[in-house]
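Work through the exercises below with the sequence and coordinates at hand. Each task is followed by a solution in steps.

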Amino acid sequence: MFFRIMDKLRLPDLIDGLAESYEVIGPVAKGEKFVFAPIAGAEELRLDYDTTLLPPKTFFTPPTEPLMGFSMADSDVRSESLESPPRALFGVHPCDINALGLMDNVFLGEYEDPYYKARRESTLVIGINCKPRPECFCDAWGTDEVHSGFDLFLSDLGDRYFVSVQSVKGAELLDRFVETRPITAEDTEDFQRVTREFKASFSEKVDTSQLPLLIDAKYNDAVWEELGEKCLACGACSMVCPTCYCFDVRDRLSIDGATGERERVWDSCMFSNFAEVAHGQNFRGTRASRVKYRYYHKQWGYLSKYGRVLCVGCGRCENACKADINPRVVIKALQGGGVAQ
Amino acid sequence: MSTTTYRDLGANPYRPWPARITSIIDLTEKEKLFELRLIDETVREAFVHDAGQFVEVSVFGVGEAPISISSAPSKQGFIELCVRKAGDVTSALHSKQCGDIVGLRGPFGRGFPFEEMKGHDILLVAGGLGIAPLKSLINHIHDERHDFGRVTILLGARNPGEILFRQQFDMWKHRDDFDLIMTVDTPDASWDGEVGLVTKLFDRIEIDPAATYGAICGPPVMYRYVIDEMRKKNMDADRIYVSFERRMKCGIGKCGHCGVGHQYACIDGPVFNYWEAMNLQGAI
Ligand SMILES: Cc1cc2nc3c(=O)[nH]c(=O)nc-3n(C[C@H](O)[C@H](O)[C@H](O)COP(=O)(O)OP(=O)(O)OC[C@H]3O[C@@H](n4cnc5c(N)ncnc54)[C@H](O)[C@@H]3O)c2cc1C
Ligand code: SF4
Ligand code: SF4
Ligand code: FES
C-alpha cells in the first residue's frame with residue numbers, strides 16, 4: 001500500500017474520472033436517511049452520512065438475482081447471467097468494507113460463486129472514514145479499521161484526504177485524473193490524531209471477551225426464551241445486515257411455460273420455515289431457537305470456519321429491529337445482565 | 001477424499017448438468033429407484049463419489065432437492081437415487097418417464113470414511129428411507145468384502161410394505177458374509193420376522209466395540225436411541241457415524257439453510273461422527 005494527499009477540492013475530479021469508466025454509486029440522502037445510489041456528480045454525494053439503510057451487499061448479491069435460464073422442452077440450461085457492468089462504490093465505511101471481506105470468505109472460498117465473483121471483480125471500492133453513532137460498536141470487533149478489500153481509502157484530515165492506495169486500478173485513477181502529493185510527517189501525524197479521536201469517540205465499550213465460548217456454554221440459557229418471546233420473526237435484522245448472506249432458490253416459469261428462470265432471493269434464518277424439511281419436521285420451529293441460531297451462527301459458527309465473527313458492529317440491526325434485539329443487547333444478556341425491557 | 005467434479009472442471013457450481021433417466025423401478029407406494037446417466041461424457045467420467053455423498057437433482061420449472069446417491073462408488077457411469085415422494089421436486093421426479101432429462105449437481109458433502117473403516121467390523125443401522133445413503137456404503141463394502149470383518153446390518157421400517165430393497169435383503173438374510181436383521185413396527189399377515197423398534201435388535205447382536213465402526217441413518221428421532229444402544233455396547237463416540245437430513249438450497253455452504261450447530265450439513269456433513277455431532281448444538 002502507498003499513500004497520497006488529495007486536497008478536498010479535488011473530489012469532483014476523482015468522481016468525474018471514475019465516471020469515465022464506471023457507474024458511480026455513493027451515499028445520497030433519502031428523506032432523513034441515506035442509501036447507496038447511482039450519482040451523476042460529486043455534488044450529489046453525502047459524505048457526512050451516518051450509515052445507509054441497506055448495506056453495500058446489495059451490489060454484490062442483490063435481493064433477487066437470476067442464476068440461469070432454462071428451456072422446458074429439453075431440460076437444458078440456456079444461459080447464465082455472469083456479466084457485470086463496471087461500477088465504483090464510493091464512500092464505503094470501514095465496517096462495510098470489512099463486511100465485504102467476510103462475504104468474500106463465503107462466496108470466493110470453497111465452491112467459488114461465479115455471480116458474486118463477477119461483481120466483485122468489476123466493482124471498484126473507495127472507502128471513507130466516519131464518525132461513530134451511538135449504536136456503532138465496530139471497535140469491539142476490530143472492524144473500525146480496514147486493511148484490505150478496497151482500491152482507495154480516504155481519511156478526512158479536515159481540508160485534505162489522506163489516501164491509502166491499495167490497487168493498481170486505484171493508483172491509475174489518481175494518476176490520470178486527480179492532483180495529489182506525497183505525504184509528509186505532518187500528514188501522518190494528523191492521520192494518527194484523527195484515528196485516535198475516532199477511537200475515543202465510541203459511546204460505549206462492548207465487552208466481547210470469550211463471547212463465542214459463552215454463547216456455546218449458554219446454549220440452554222433462559223435468555224433465549226426471553227428473546228424469542230420478543231422477536232417478531234420479521235427477518236429485518238438479516239436483510240439490513242451487511243454480513244448476512246442466506247438465500248432461497250426458486251424456479252419461475254414464463255407465461256407460456258416454455259422457458260424458465262432459476263433465481264436466488266435473500267432469505268433469513270429468522271423465518272419460520274427456514275429449517276423445515278420434508279414431512280413438516282422443523283429443526284428450528286420456535287422463535288427462541290431461531291434467534292439463538294442466528295447469534296450462534298454469527299458468533300461461533302462462522303468463527304469456527306473463518307476465525308472471525310460474522311458481525312462488524314454497524315448497528316443497522318439495532319435500527320431495524322422493532323423488538324430491540326441486537327448484538328449489544330444479546331451480549332449483555334448473555335453476560336448476565338438479562339434482557340432489558 | 002473424493003474428487004469434486006466442479007473444481008476439476010472449473011464449472012459454475014450452481015449449473016446443473018443434464019442427465020438422462022435410464023431406469024425407474026417402483027419400490028413401494030412412495031419410493032422409486034431412479035438410474036441416471038450424465039449426458040456429457042467428460043462430466044460422466046469425472047463424476048466420482050463417496051458413499052454418503054449426495055447430489056442436487058433439478059426438475060426445471062419446479063426446483064432442486066438434495067438426494068443421497070444410493071449406488072456404490074465402484075459403479076461408474078450411472079448413479080442410482082432412491083426417492084421418496086415428499087414435496088414439489090420429488091413429486092415432479094416421480095412423474096418422469098424413462099428417457100426424460102433432469103439436472104444434476106454434485107457430488108456434494110462428506111461421506112462415510114470408507115478407507116478408515118477398512119479392516120474393521122461394521123454395524124449399520126437404518127430406519128426407513130435412511131437405507132438410501134447406507135445402501136451405497138453396504139454395496140461398497142460388498143464390493144470389497146475381504147477388507148472388512150463382521151458386517152451387521154439392522155433395518156427398521158414401519159410395516160413390511162415400507163421395507164426398501166426387500167428382495168435384495170431377503171436374499172442376503174441367508175448369506176453368511178452379512179448378518180442382516182429386519183424389524184417392523186406393525187407386522188402384517190405375511191411377516192414372520194422381528195417386531196418392534198430397531199433398537200430392540202441390539203439384544204440380538206454381539207459386537208467387539210474396539211474393532212467396530214457404526215453408521216446410522218434414519219428419521220431424526222431415531223439417532224438418540226440408536227446411539228444410546230451403541231454406547232451401551234461401549235463403542236467410541238468417534239467410531240459412530242451419523243448422516244443428517246437438513247433443508248438444503250445450495251449444497252455448497254452458501255445459502256445457510258442446512259446449519260446444524262456451528263456447521264453446515266452440506267459441506268461439513270451430511271455424515272458426521274458422533275463425537276462431532278454431540279458437540280453440535282441442536283444436532284441430535
Ligand atoms: C443430504 C440429504 C440427502 C437426502 N437423501 C434423500 C434420498 O436419498 N431420498 C429421498 O427421497 N430424500 C432424500 N432427502 C430428503 C429430500 O431432500 C427432501 O424430501 C426434500 O425436501 C424433497 O424436496 P421436494 O421439493 O420434493 O419437497 P418440498 O417441496 O421442498 O417439500 C418438502 C417439505 O418441506 C417443507 N417445505 C418446502 N417448502 C416449503 C415452504 N416454502 N414453506 C414451508 N414449508 C416448506 C414442507 O414441510 C414439505 O413437506 C435427502 C435430504 C438431504 C439433506
Ligand atoms: S449483526 Fe447487526 S451490527 Fe452486526 S453486522 Fe449485522 S447489522 Fe451490523
Ligand atoms: S430479531 Fe428483530 S429484526 Fe430480527 S427477526 Fe426478530 S424482530 Fe425482526
Ligand atoms: S445447503 Fe446451502 S449452506 Fe448447506
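**Exercise 1. State how much surface chain A exposes and what share of it carbon and sulfur atoms supply. Then do the corresponding task for chain B.**

Step 1. Chain A exposes about 14,900 Å², and carbon and sulfur atoms supply 51% of this area. Accessible areas come from the Shrake-Rupley method with a 1.4 Å probe; for residues, only the protein chains shown count as cover.

Step 2. For chain B the accessible surface is about 11,200 Å², with 46% belonging to carbon and sulfur atoms.

Step 3. Conventions: this is a predicted model, in which local features need pLDDT of at least 70 and side-chain atom pairs count only at pLDDT 80 or more, while totals for chains, interfaces and linings use all residues. Residues are numbered from 1 along each chain as its sequence is written, chains are lettered from A and ligands numbered from 1 in the order in which they are written, and side-chain values use heavy atoms, with hydrogens and water left out.

**Exercise 2. Test the radius of gyration of chain A against the compact-globule rule, and repeat the test for chain B.**

Step 1. The radius of gyration is taken over C-alpha atoms, and the globule rule is 2.2 Å times the number of residues to the power 0.38.

Step 2. For the 341 residues of chain A the rule gives a value near 20 Å; chain A has 22 Å, which agrees. The C-alpha trace of chain A spans about 65 × 60 × 40 Å along its principal axes.

Step 3. For the 284 residues of chain B the rule gives a value near 19 Å; chain B has 18 Å, which also agrees. Along the principal axes, the C-alpha atoms of chain B fill a box of roughly 50 × 45 × 35 Å.

**Exercise 3. Describe each chain by its secondary structure, burial, contacts and charges.**

Step 1. Chain A has 12 helices and 12 strands, and chain B has 8 helices and 15 strands. Helices (H or I, at least four residues) and strands (E, at least two) are DSSP runs, numbered from the N terminus.

Step 2. Buried residues (under 20% relative accessible area, with exposed over 50% and partly exposed in between; 1.4 Å probe, protein chains only) make up 55% of the 341 residues in chain A. In chain B they make up 61% of the 284 residues.

Step 3. Take contacts (heavy atoms within 4.5 Å) between residues at least 6 apart in sequence: in chain A, 73% of them join residues at least 24 apart. In chain B, residues 24 or more positions apart account for 68% of the contacts with a separation of 6 or more.

Step 4. Chain A carries 40 positive and 52 negative charges, whose mean positions are 4 Å apart. In chain B, the centres of the 32 positive and 39 negative side chains lie 5 Å apart. Lys and Arg count as positive and Asp and Glu as negative; His and the chain ends are not counted. The place of a charge is NZ of Lys, CZ of Arg, CG of Asp or CD of Glu.

**Exercise 4. Is Glu135(A) buried or exposed, and which side chains does its own side chain meet in polar contacts?**

Step 1. Glu135(A) is in the loop between strand S7 (123–128) and helix H4 (138–141) of chain A.

Step 2. Because its relative accessible area is 14%, Glu135(A) is buried.

Step 3. A polar contact is a pair of N or O atoms within 3.5 Å; within protein, one must be able to donate a hydrogen and the other to accept it, and residues adjacent in sequence count only if both atoms are side-chain atoms. The side chain of Glu135(A) has such a contact with that of Arg133(A) at 3.0 Å and with that of Asn319(A) at 3.3 Å.

Step 4. Beyond four places in sequence, the residues touching Glu135(A) include Gly313(A), Gly315(A) and Arg328(A).

**Exercise 5. Locate Phe244(B) and the cis peptide bond that ends at Pro270(B).**

Step 1. Phe244(B) lies in the loop between strand S12 (240–243) and strand S13 (259–260) of chain B. Phe244(B) counts as buried because its relative accessibility is 5%.

Step 2. Among the contacts of Phe244(B) outside four places in sequence are Tyr223(B), Pro270(B) and Phe272(B).

Step 3. Pro270(B) sits in the loop between strand S14 (263–264) and strand S15 (271–273). The peptide bond joining Gly269(B) and Pro270(B) is cis, with omega about 5°.
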